[in-house]
Amino acid sequence: MSGPAAGTADAATTTDVVCLGESMVTFLPSQPGRLADVPSFGRGIGGAESNVACALAAAGHRAAWVGRVGADGFGDHLVETIASYGVDTSAVRRDPVRPTGIYFRTATDRGTDTHEVAYYRAGSAASAMSPDNVPYADLLAGRVLHLSGITAALSADCLALLRDLTAPRPGRPLVSFDVNHRPRLWRGGDADASVLLELARRADLVFVGEDEAEEAWGIVGAEAIRAALPEPAVVVVKRGSAGATVFASGLRPGPRSSNAGAAENAGAESAAGETESAADTVTLVPALRVDVVAAVGAGDAFAAGFLSATLRGLPVRERVRHGHLMAAAVLTVPGDLTDPPARDHADRLAALDDDAWGRLRLGPGWTAADRASEEVRTP
């Protein structure tokens with residue numbers, strides 16, 4: 001273990017989730033079109049891990065974001081904006097030499113050929129994070145530590161940090177890992193695939209898209225993904241419009257001695273869509289129909305919704321449904337972040353029977369509705 005040992009969490013921790021990663025200032029286009037043609041941009045923020053922290057804080061959880069930004073105006077904007085969601089940013093470090101990362105993107109869906117992203121993050125303050133300069137006491141102080149594969153791609157020091165944080169250690173919080181495969185951030189050929197697989201296998205809870213597992217690892221299908229990730233207590237396979245499949249052998253947020261074993265037997269939960277395998281409860285939850293405004297930030301919002309329901313001890317099906325609902329909130333606004341639905345509102349929707357869930361269609365403004373019936377519309 002290369003980092004300080006003083007960061008071991010205890011049972012009296014007050015933070016629910018600590019998120020580590022790079023956040024950048026995002027420039028959003030004023031109109032559709034190529035970056036070369038867009039006349040102006042609006043300023044926002046973007047970062048997978050800070051997105052999760054903001055969504056969790058907006059949903060009423062005690063969330064912290066740990067990162068590194070430049071001693072510049074963009075760094076000020078990031079820290080102030082993230083803190084405005086109720087996120088604890090006290091452990092964010094300022095780099096006196098390196099700048100805060102920024103990026104520009106087009107308005108089209110990230111999955112289309114016309115989508116463009118121009119990153120200006122090489123040599124950023126966040127890329128200098130390492131086991132020697134991050135506050136371990138803050139990182140390990142929560143019930144859950146949320147990480148992503150994006151951080152591992154930023155630099156060799158960032159990869160060393162993630163390897164250290166995912167290593168078994170006494171009192172380790174539950175480690176949540178979103179694979180977040182971003183091929184353009186990696187320069188090592190097949191190295192990125194093996195690194196992401198290594199980190200995912202050391203986590204307790206893994207989020208991975210079916211498409212990115214095929215792209216990174218050549219693995220096709222949810223069952224094959226679980227076979228490649230046997231160690232995590234829970235593997236959430238996101239399957240786009242088909243929904244999500246969860247393989248769960250157990251999961252309870254809190255200090256743990258290692259990532260082996262499980263304190264909570266998810267197999268004892270009973271919910272529609274669950275089946276038993278030799279070691280897992282397998283739960284398939286269909287996705288919602290959503291009138292998409294912008295397909296950005298949905299994966300981060302899904303992770304936040306799932307983590308929120310996990311912290312509340314809800315059954316697996318409800319965890320996935322809360323993930324879908326949080327994602328739907330972001331999909332129906334232009335940016336990466338938005339206020340989630342009120343908790344009682346989301347709970348009512350998550351508790352719908354399968355037929356009613358299948359009839360939901362959510363569009364812009366749905367999170368402000370007071371009654372579940374207001375969201376049920378015919379196609």
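Helices, counted from at least four residues in H or I, and strands, counted from at least two residues in E, are DSSP runs numbered from the N terminus. By that reckoning the protein chain of this predicted model has 12 helices and 17 strands. Of its 379 residues, 58% count as buried, and the structure holds 20 salt bridges, several of which are described below.

**The chain as a whole**

- Among contacts with a separation of 6 or more in the protein chain, 72% come from residues that lie 24 or more positions apart.
- The surface exposed by the protein chain amounts to about 14,900 Å², and carbon and sulfur atoms supply 51% of that area.

**Salt bridges: the general idea**

- Side chains of opposite charge can pair when their charged atoms come close.

**A buried pair: Glu22 and Arg121**

- Glu22 forms a salt bridge with Arg121, and the closest N and O atoms of the two residues are 2.9 Å apart.
- This pair links distant parts of the chain, for Glu22 sits in the loop between β1 (15–20) and β2 (24–29), while Arg121 sits in the loop between β8 (117–120) and α3 (136–139), 99 residues apart.
- Both partners, Glu22 and Arg121, are buried.

**A pair of mixed exposure: Arg98 and Asp95**

- Arg98 is joined to Asp95 by a salt bridge in which the closest N and O atoms are 3.0 Å apart.
- Asp95 counts as buried because its relative accessibility is 2%, and the cut-off for that class is under 20% relative accessible area.
- Arg98, by contrast, has a relative accessible area of 37% and is therefore partly exposed, since that class lies between the buried limit of 20% and the exposed limit of 50%.

**A partly exposed pair: Asp291 and Arg361**

- Asp291 forms a salt bridge with Arg361, with the closest N and O atoms 2.9 Å apart.
- Here too the pair links distant parts of the chain, with Asp291 in the loop between β16 (289–290) and α9 (298–311) and Arg361 in strand β17 (residues 361–362), 70 residues apart.
- Asp291 is partly exposed, with a relative accessible area of 22%, and Arg361 also counts as partly exposed, at 26% relative accessibility.

**A salt-bridge network**

- Arg317, Glu318, Arg321 and Asp354 are linked with one another in a network of salt bridges.

Terms used:
Residues numbered from 1 in each chain as written. Predicted model: local features only at pLDDT ≥ 70, side-chain atom pairs only at ≥ 80, totals over all residues. Heavy atoms only, no water. Salt bridge = Lys/Arg side-chain N within 4 Å of Asp/Glu carboxyl O. Buried < 20%, exposed > 50% of the residue type's maximum accessible area, 1.4 Å probe, protein only. Contact = heavy atoms within 4.5 Å. Areas by Shrake-Rupley, 256 points an atom, 1.4 Å probe, with all protein chains shown as cover.
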